[in-house]
Amino acid sequence: MTKRGLRTAAIVAAAVALVAGAGAGMASAAGTAGSGAAAEVCRPGALKVTTTDAGSSQAGMNHEGTYLKVTNTGSGTCAIGGYPGLALEGAGHKAIKTTADHGDTYFAKDPGRHQVTLKPGKSAYADLVWTHAGPSSARAKYLQVSPTGGNAHSVVAFDKEVDGAALSVTAWSAKLPSAS
């Protein structure tokens, strides 16, 4: 395996560790779905991850943010839950040791772990926030996102300065996380 492959494997393992509890929480939530029939867990190949400002700016007091958007591109209804796994990459997709804090962000309240059912074409959102004014900034070029807590992840462009390679993220939600 190449050096890049080993680094990527290490990052994926870290992302899985970050969201290990998400799968367990989702499994128990799936069993209590109101209709009595739990939606199947979304398969990574059926999910597309992007970032979006969703028409609103998240910037202030050295904080910056964006929304993560995961869309079910499959043909069947499925469910996700918990928190996305995150890892930053630098130029050339070089791994950056990343920390992710789960919960409220500077701009939004955390909806907490819960199941989000996605029909084909529907999306879920998480608020992603970082600061960018400190001397220990990491220059990120890409962001790895593991939406389901498995080994599969998407890599999206993310050309940002991130203090201490530290990110804050809310749990997935059927609607845009907000401050209220």
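Here is a short chat about a sheet and the aromatic pairs in this predicted model.

Colleague: Happy to start with the sheet: in what order do the strands of the open sheet run?
Modeller: The open sheet is made of 4 strands, and their pairing is antiparallel. Its edge strands, each pairing on one side only, are β7 (95-96) and β12 (154-163). Read across, the order is β7-β6-β11-β12.

Colleague: Nice. Which residue in β7 stands opposite E89?
Modeller: Strand β6 covers residues 85-89, and β6 pairs with β7 in the antiparallel sense over 2 bridges. Opposite E89, in β7, stands A95.

Colleague: On to the rings: what kind of aromatic pair do Y106 and F107 form?
Modeller: This is one of 2 aromatic pairs in the structure. The centres of Y106 and F107 are 5.0 Å apart, with 85° between the planes. Planes over 60 degrees apart count that way, so the Y106 and F107 pair is edge-to-face.

Colleague: And how far apart in sequence are the parts tied together by W130 and F158?
Modeller: Their ring centres lie 4.9 Å apart with the planes at 70°, so this pair is edge-to-face as well. W130 belongs to strand β10 (residues 123-131) and F158 to strand β12, so the pair ties together parts separated by 28 residues.

Colleague: Last one: is W130 buried or exposed?
Modeller: The cut-off for buried is under 20% relative accessible area. F158 falls below it at 3%, while Y106 counts as partly exposed at 45%. W130 has 2% relative accessibility, so W130 counts as buried.

Terms used. Residues are numbered from 1 along each chain as its sequence is written. This is a predicted model: local features need pLDDT of at least 70, side-chain atom pairs count only at pLDDT 80 or more; totals for chains, interfaces and linings use all residues. Side-chain values use heavy atoms; hydrogens and water are left out. Two strands pair if DSSP finds at least two bridges between them. Rings of Phe, Tyr and Trp (its six-membered ring) pair if their centres lie within 6.5 Å; planes under 30 degrees apart count as stacked, over 60 as edge-to-face and the rest as tilted. Buried means under 20% relative accessible area, exposed over 50%, partly exposed in between (1.4 Å probe, protein chains only).
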